[in-house]
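Here are some notes to read alongside the model, set out as numbered points. I hope they are handy while you look around.

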Amino acid sequence: MEYEPFRGELIAYCYRMLGSFHDAEDLAQETMLRAWKARDSYDSSRASVRTWLYRIATNACLTALAGRARRPLPSGLGAPADDLEAPLTPAFDVAWLQPFPDARVDLQVRTDLRLALVAAVQFLPPRQRAVLLLRDVLDFSAAEVAGHLDTTVPAVNSALQRARAALAGIGGIDEVTEPDDPATRAVIDRYARAFVAADVPALVRLLADDAILEMPPVPLWYRGRDDYGRFMDRVFRIRGTGWAVQHLTANGQPALAAYAPQPEGGFQAHTLQVFSVAGGRVARTVVFADPAVFELFELPAQISADDFRRLR
């Protein structure tokens with residue numbers, strides 16, 4: 001039996017369940033290893049290879065989630081901050097939601113990997129999480145999901161109803177546009193130019209009125225274009241102008257890798273910024289400030305001035 005063609009979608013499924021790309025890769029590999037070891041017990045008359053693999057992956061994810069805290073974004077932990085000069089102290093004791101590096105996994109559709117959706121799913125109990133993803137994202141039948149979870153169809157339908165109700169209040173997810181949409185690209189191009197120039201007024205003009213800015217592993221977050229702009233003014237006061245950026249995508253959303261200018265020349269990795277664009281405006285920016293995220297996206301920690309010219 002051939003398992004490799006399913007690796008990408010298994011990684012995506014495990015990522016939605018766990019909120020960690022590293023863990024998702026490990027569990028997808030574990031799923032394929034378990035399947036290979038149990039290959040003699042596979043019965044093609046009872047389930048397709050894909051269905052069988054998802055049953056193994058689901059059980060591996062549920063085992064991994066036992067006793068584990070959910071992976072949030074800062075906006076999932078409390079109210080927005082009102083002190084724009086608050087210390088930017090990382091909270092490394094929190095297992096933060098990781099972004100998904102699109103370029104590392106061959107997938108056709110990534111709309112269900114949106115950061116806001118994955119973050120919301122993390123608040124569901126693990127079995128509800130599995131039911132929602134298997135039924136609404138992956139289109140397995142209720143009977144197939146019941147088989148994955150060793151439960152009944154009525155129990156699956158009940159769990160799905162509760163999961164949908166819990167996510168009903170998550171607004172704006174369906175409004176987010178694709179990163180290759182021409183209007184979206186134009187917005188992010190303008191944002192990138194303004195960011196490189198440290199032009200705060202130009203950045204603010206691109207924001208929705210209630211735009212959200214959050215920056216894990218710092219637990220603070222801000223809401224509203226005015227606070228967003230004032231915070232960015234603080235960043236540029238500290239780090240100066242003349243930044244470098246690289247365009248990419250994460251979670252099926254437009255993203256920028258931002259590099260801060262260095263006194264001795266060249267640029268140092270600063271943040272990976274993932275954007276939600278709706279209605280022609282930036283509605284949310286999740287700024288990942290953990291250096292490990294650059295490693296996750298296989299991005300260099302430093303770039304030279306010549307590298308920056310090539311990026312442009």
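1. Let me start at the beginning of helix 7, where T152 acts as the N-terminal cap: one of its side-chain oxygens sits 3.2 Å from the backbone nitrogen of A155. That is a polar contact, for which the cut-off is a pair of N or O atoms within 3.5 Å; within protein, one atom must be able to donate a hydrogen and the other to accept it, and residues adjacent in sequence count only if both atoms are side-chain atoms. Helices here are DSSP runs of H or I with at least four residues, strands are runs of E with at least two, and both are numbered from the N terminus.

2. A word on the ground rules. This is a predicted model, in which local features need pLDDT of at least 70 and side-chain atom pairs count only at pLDDT 80 or more, while totals for chains, interfaces and linings use all residues. Residues are numbered from 1 along each chain as its sequence is written, and side-chain values use heavy atoms, with hydrogens and water left out.

3. Now the body of helix 7. Its 15 residues, 153-167, span 21 Å from the first C-alpha to the last, close to the expected 21 Å; the expected span is 1.5 Å times one less than the number of residues. V156, A159, L160, A163 and L167 are buried in this helix. They lie on the same side of helix 7, because they cover an arc of only 105° around the axis; the arc is taken from the directions from the helix axis to the C-beta atoms. P154, Q161 and A165, on the other side, are exposed. Buried stands for under 20% relative accessible area, exposed for over 50%, and partly exposed for anything in between (1.4 Å probe, protein chains only).

4. What do the buried residues of helix 7 pack against? Their partners are helix 4 (115-121), helix 5 (126-137) and helix 6 (142-149), where contact means heavy atoms within 4.5 Å. Helix 6 has its own buried set: A142, V145, A146, H148 and L149. These fall within an arc of 155° seen down the axis, so they line one face of helix 6. That set packs against helix 3 (49-65), helix 5 and helix 7. Just after helix 6, D150 takes a positive phi of about 55°.

5. For the record-based view, UniProt lists residues 115-167 as "domain: RNA polymerase sigma factor 70 region 4 type" in an unreviewed entry. In the model, this span is 79% helix and 0% strand, with its end C-alpha atoms 14 Å apart. The unreviewed UniProt entry also gives "domain: RNA polymerase sigma-70 region" for residues 3-70. That span is 68% helix and 0% strand, and its end C-alpha atoms lie 29 Å apart. UniProt positions follow the numbering used here, feature names are shortened, and annotations may be inferred rather than shown by experiment.

6. Please look at the cysteines too. A search of the whole structure finds zero disulfides, taking a disulfide as a pair of cysteine sulfur atoms within 2.5 Å. For C14, the nearest cysteine sulfur is that of C61, 3.6 Å away. C14 is buried at 0% relative accessible area, and C61 is likewise counted as buried at 0%.

7. Q273 is a nice polar residue to inspect in strand 5 (residues 267-278). With 3% relative accessibility, Q273 counts as buried. Its side chain makes a polar contact of 3.1 Å with that of T271. Leaving out residues up to four places away in sequence, Q273 touches several others, including Y191, F195, P254, L256 and V286.

8. Finally, some backbone geometry to check. Most residues other than glycine have a negative phi, and most peptide bonds are trans. The peptide bond from P216 to P217 is cis, with omega near 15°, and P217 lies in the loop between strand 1 (207-215) and strand 2 (218-223). N251, not a glycine, has a positive phi of about 55°; its loop joins strand 3 (244-250) and strand 4 (253-261). E298 also has a positive phi of about 55° without being a glycine, and its loop runs between helix 11 (291-296) and strand 7 (302-303). Are these two residues buried or exposed? N251 is buried at 0% relative accessibility, whereas E298 is exposed at 59%.
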